[in-house]
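Work through the exercises below with the model open. Try each task before reading its solution.

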Amino acid sequence: MGQRGQGLEGQSVQSGPASWAELVQSTSSKLVRFRGPAGEPYCPAVEEVRGEQMRSWQHTVVLDPSRSEPLFLQLSDALQQDIRCGRLRPGTRLPGSRSLAETLGVHRNTVLAGYGELIAQGWLNTRPAGGTFVARDLPPGSTRMPRERLKARLSLAPGFPLGPPVPSARIPDFPPDVLVLAKGAPDVRRMPAAELSRAYRRALARHGRALLGYGDPRGHPRLRAALAEMLASTRALPASEETVFITRGSQMALDLIARALLGPGDVVAVEGLGHPGAWAALRLTGASLVPVPVDAHGVNVAALASLAEQRPLRAIYLTPHHQFPTTSVLPAARRMALLELARRHRTVVIEDDYDHEFHYDGRPVLPLASRDEAGVVIYVGTLSKVLAPGLRIGYLVAPGALIARITELRVSTDLQGDQAHECAVAELFEDGDLVRHVRRMRRVYRGRRDALVEALRTHLGSVVQVMPPAGGMALWARVDPAVDLDRWSERGVEHGVGFLPGRRYAFDGGQVHAVRLGFTPLDEQELDEAARRMATALREMAPRSSQARGASQGS
Ligand SMILES: Cc1ncc(COP(=O)(O)O)c(C=O)c1O
């Protein structure tokens with residue numbers, strides 16, 4: 001210490017955040033993020049760089065020589081203020097005194113004196129290897145600790161009305177060691193990552209400038225063309241680059257379609273056992289959803305027809321290929337009846353064909369959209385099941401007039417997709433990598449389907465009745481009604497297996513004596529282990545009924 005009053009250069013300095021960012025950057029070669037895309041200073045609130053905690057920090061220090069308070073005290077006050085309010089967090093390295101002095105336009109001793117003041121009070125400390133840091137244990141009385149403030153902020157009730165709750169359809173997260181059967185997701189361990197990263201590099205190297213700018217909100221033309229060709233050749237869908245629209249996953253496609261077409265008062269028919277994620281998107285528009293029964297052959301079209309006679313149906317959302325969650329395939333007669341009823345009532349059919357590629361027995365049935373002469377079907381697909389859900393590529397195919405509306409809606413939300421990403425995926429189509437991957441995975445998944453059926457029969461015996469589905473990524477297993485499925489699913493997690501009770505897919509939330517078990521993300525051994533864990537969980541449930549006996553005999 002002993003520097004009080006020294007180094008007063010008599011100069012007012014107001015350093016802007018940009019110079020501060022530069023300053024902090026100059027003090028540490030490890031700090032890498034200081035400027036946003038437009039060159040503005042970038043100051044994330046809680047950024048940490050590995051090892052030593054070093055965070056960028058956007059200061060508001062104003063030193064004013066006209067005030068009676070010495071400059072070094074003004075500096076120490078400003079720093080203390082930033083520490084108190086959490087802008088400077090414990091463990092943060094401060095700039096070196098020389099460079100800070102240079103930036104603020106003051107003598108180095110002024111900075112040393114300011115730092116010294118705070119070191120003496122316990123706000124800062126120095127380390128033998130050099131450097132001045134915000135103390136990890138702040139002095140008593142600095143009650144507004146950053147962590148506490150953050151917590152307080154989180155639990156702060158908003159000072160404004162939140163409005164009605166947002167419908168949620170998220171599948172719960174499972175702990176990392178749980179074998180998850182609750183998702184019909186692809187095995188991302190088998191994803192052609194090397195091919196994709198090569199394609200990405202190639203795309204950026206060849207078209208970087210164009211890909212990194214603003215582009216077509218409908219999606220990259222190469223990917224739209226590749227998808228249109230694939231849809232025409234494998235699904236007989238009359239699609240073109242102009243009628244395909246790329247989204248970030250099919251969930252976004254459903255949301256855009258819903259917002260483009262639906263509003264409060266509209267009635268939408270949905271499958272009574274169905275996809276809660278789609279219901280959530282449809283509900284957000286204020287439309288009324290009406291469930292239609294589903295049986296072993298998919299949605300009951302006769303029930304749908306009588307509903308359409310009773311009230312005007314604006315739309316029908318359904319999964320005809322592998323009905324979600326039951327996996328049944330809608331037979332031809334129901335398909336024709338459905339198209340006819342939609343034509344007669346001028347009702348939109350939203351056809352969600354989420355896992356078309358994975359059909360194992362017989363030929364895949366062509367989509368409703370391939371038979372749509374009346375322009376009533378909007379087709380929705382995704383690459384989430386083929387490649388990986390994290391890639392977020394979905395698409396919809398619709399008449400040009402609707403594409404134009406959806407384009408405007410997308411622009412108001414998201415401007416456009418990730419063009420480099422879309423272009424790279426287009427290359428996977430063009431090079432044949434994607435087709436090869438699908439062919440390979442179809443074989444793999446068929447084996448896994450059979451393995452899970454076998455494992456369930458071995459470990460669970462008569463507790464579950466399971467038929468191998470003709471296609472899809474999950475099977476629908478009927479469960480002995482004596483089994484309490486909610487409890488079984490809870491106990492399953494404790495035993496390291498994640499599955500959800502069938503009730504989750506029921507529109508009315510009522511009891512369903514079945515479970516949907518995804519077999520694609522796990523290999524044969526894992527599937528066997530998952531079924532074994534299901535059996536253990538069931539056995540260890542309190543013996544409410546004969547439920548455990550079936551399982552123990554089966555194991
Ligand atoms: C029936 C169905 N449709 C759509 C989706 C959404 O998929 P994504 O948004 O990843 O394309 C899912 C996801 O699980 C699904 O099961």
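**Exercise 1.** Find how helices H3 and H4 of this predicted model cross.

Solution. Start with the ranges: H3 covers residues 97-104 and H4 residues 108-121. Helices are DSSP runs (H or I, at least four residues), numbered from the N terminus. Next, take the axes, which come within 8 Å and cross at roughly 115 degrees. Axes are lines fitted to C-alpha atoms over the stretch in contact, and angles run from 0 to 180 degrees between N-to-C directions. Then list the contact residues (C-beta atoms, placed from the backbone, within 7 Å). H3 gives Ser 97, Arg 98, Leu 100 and Ala 101. H4 gives Arg 108, Thr 110, Val 111, Leu 112 and Tyr 115.

Residues are numbered from 1 along each chain as its sequence is written. Local features need pLDDT of at least 70, side-chain atom pairs count only at pLDDT 80 or more, and totals for chains, interfaces and linings use all residues.

**Exercise 2.** Decide whether Leu 231 is buried or exposed.

Solution. Locate Leu 231 in helix H7, residues 221-235. Count neighbours: Leu 231 is buried because 25 other C-beta atoms lie within 10 Å. The cut-offs are 20 or more for buried, 12 or fewer for exposed, partly exposed in between, with C-beta atoms placed from the backbone. Now skip neighbours within four places in sequence: Leu 231 contacts Leu 237, Ala 239 and Val 397.

**Exercise 3.** Check the length of helix H16.

Solution. H16 spans residues 524-539, 16 residues. The expected span is 1.5 Å times one less than the number of residues. That gives 22 Å, and the model's 23 Å from first C-alpha to last is close to it. Buried residues of H16 include Leu 527, Ala 530 and Met 534.

Methods. Helices (H or I, at least four residues) and strands (E, at least two) are DSSP runs, numbered from the N terminus. Two residues are in contact if their C-beta atoms, placed from the backbone, lie within 7 Å.
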